[in-house]
Amino acid sequence: MTVFGLETLPRASAVAGAAPTLHPLILMPTVLLFDAHSDEIEYIKPVAKKHPPMITIAHWQLRDLLLCPTNRKEIIYPCRTNVLQYNTEKEQVTHLLQDLTFAPTSIASGCGYLAAGGQHSELAIRKIDGQWITNTTLGSSINNALSISERPGEPPRLMVCNNDETIKVFSLPSMRKVANILLPTAVNYASVSPDGRRMVAVGDTNQVFLFDISASGQYKRVATYIASNDSSFSCSWNQASDIFAVASQDGIVSVWDIRNSKKLCKLGSKQYPQTKGATRCVKFSPSGSLDLLAFSEVRITMLSHHLPYFFLLHTTHFTILFRQHSSYIDVVDARTFNSRQSVRVAPVGCDAQISGITFTPDSRTLYVGTDNAVMEYDVNTVIRRSFSFGSIL
């Protein structure tokens, strides 16, 4: 069917075997491109508070380098060969991992642990409130992403996504390997659902791999989906563990409801379909009734060597010089997926390389990291607690 010129799909019924039904307040667009964007919508307040932390980007494609795991006033980020914690209220910096032998390409925090991964399979882990710390290597390929999760009655688990086409799963703090998941591509990211029952993984193809996690903690691949036309570098679950999103390099964020094998919707970046209007990081709000989906986007263009903010990409046969600029964050209504707000992180004429995005645990703030500052955006909680028919949660 078509609503306001956008093709929509029925959302699957939660009753097994029942015919799909369209929820009256949830109209799901197949494609939501820039022409559906509205400047009148303010899911986040566009004027941000600026904090001084500078986040080091060690790999031009890996941009999930900002965390806010427990305290809404404390953020965690890498800076050169350190992983730091900054208290935005007290303006204090604490060293969590110091003088590493590598600049982190990936970080993760959860269950009281912090982990950092590097370009050559380096891995550093510590218990944040204790003295336990370990350093190791897992091979020779880059650790693209890390994730820490737990299941009731079991020790926390660390997942390491590697370019060697594996997801290595370890029990913490013993570092006993509990699984070695093989995939047909370099693995760029994996995310476990909040209820601990499912995992989604993406990599250097356009495939999306969905796993069930059994009561005994075993991983079984149950579905393979197609996201877009390029590789993907980030994925995220909503707080109900029934919807997940995947961010792809060609500027598309794909969304699935696990109760329906068909794609729920595709969200185009503000700069789509410009070449390499890449979506780098995607996050659902983790709690409460605010129901938002945020993703970062950046456009890459070829340039001459005298311009700032450039990267050198070395291949077997040649070297490419390119620049990442025009960085935006997009905030989407995760109840309907039919409206969104785009915010340019830096003023017109200036550049800002987005290094990561993260909601606070209460979902009332969105932090956006760049190479020269961290921006703090307040979520418009009033508009998010109101529905179109006038009720307020």
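Which residue takes a positive phi in the hairpin of β17 and β18? Select the five residues between these two strands and you will find that it is G196, with a phi near 75°. Before going further, note that this is a predicted model, in which local features need pLDDT of at least 70 and side-chain atom pairs count only at pLDDT 80 or more, while totals for chains, interfaces and linings use all residues. Residues are numbered from 1 along each chain as its sequence is written, and side-chain values use heavy atoms, with hydrogens and water left out.

**Stop one: strands β17 to β20**

Stay with β17 (187-192) and add β18 (residues 198-203) to the selection; strands here are DSSP runs of E with at least two residues, and helices are runs of H or I with at least four, numbered from the N terminus. The two strands run antiparallel and are joined by five bridges, where pairing requires that DSSP finds at least two bridges between the strands. Along this pairing, A190 stands opposite A201 in β18.

Now colour β18 by accessibility, taking buried as under 20% relative accessible area, exposed as over 50% and partly exposed as in between, with a 1.4 Å probe and protein chains only. Six of the six residues of β18 are buried. In a regular strand the side chains alternate between the two faces of the sheet. In β18, R198, V200 and V202 lie on one side and M199, A201 and G203 on the other, and both faces are covered.

Next, follow the chain through the three-residue hairpin that joins β18 to β19, a pair of antiparallel strands with five bridges between them. The bridge partner of V200 in β19 is L210. Strand β19 (residues 207-213) also pairs with β20, again in the antiparallel sense, over seven bridges, and here F211 stands opposite R221 in β20. Five residues lie between the strands of this hairpin, and among them G217 takes a positive phi near 90°.

**Stop two: aromatic rings**

The structure holds five aromatic pairs, counted where rings of Phe, Tyr and Trp (its six-membered ring) have centres within 6.5 Å, with planes under 30 degrees apart called stacked, over 60 edge-to-face and the rest tilted. Select Y113 and W132, which form an edge-to-face pair with 5.9 Å centre to centre and 85° between the planes. Y113 belongs to strand β10 (residues 113-117), whereas W132 sits in the loop between β11 (122-127) and β12 (133-137), 19 residues apart. Y113 is buried, with a relative accessible area of 6%, while W132 counts as partly exposed at 28%.

Then move to Y225 and W256, a stacked pair with 5.2 Å centre to centre and 20° between the planes. This pair links strand β20 (residues 219-226) with strand β23 (residues 252-257) across 31 residues. Both rings belong to buried residues, Y225 at 12% relative accessibility and W256 at 2%. Add W237 and F244 to the selection to see one aromatic cluster of Y225, W237, F244 and W256.

Two charged ends are also worth displaying, where a charge sits over a ring if NZ of Lys or CZ of Arg is within 6 Å of the ring centre and within 35 degrees of the ring normal. The charged end of K127 sits over the ring of Y113, 4.9 Å from its centre, and that of R280 sits over the ring of F233, 5.6 Å from its centre.

**Stop three: empty space**

Finally, show the cavities: on a 1 Å grid over the protein atoms alone, a cavity is a set of points where a 1.4 Å probe fits but cannot get out, and lining residues have an atom within 4 Å of a point. A volume is the space filled by probe spheres set on the points. The count comes to two cavities of 30 Å³ or more.

The largest cavity has a volume of about 90 Å³, and of its 13 lining residues the closest to its centre are R63, D64, N144, A145 and Y189. Strand β13 gives the most to this lining, with three residues.

The second largest cavity holds about 70 Å³ of space. Its lining brings you back to the opening of the tour, as G196 is one of the residues there, together with others including V192, I213 and Y219.

Methods: 1 Å grid on protein atoms, 1.4 Å probe; cavity = no way out; pocket = protein on both sides within 12 Å on 5 of 7 lines; lining within 4 Å.
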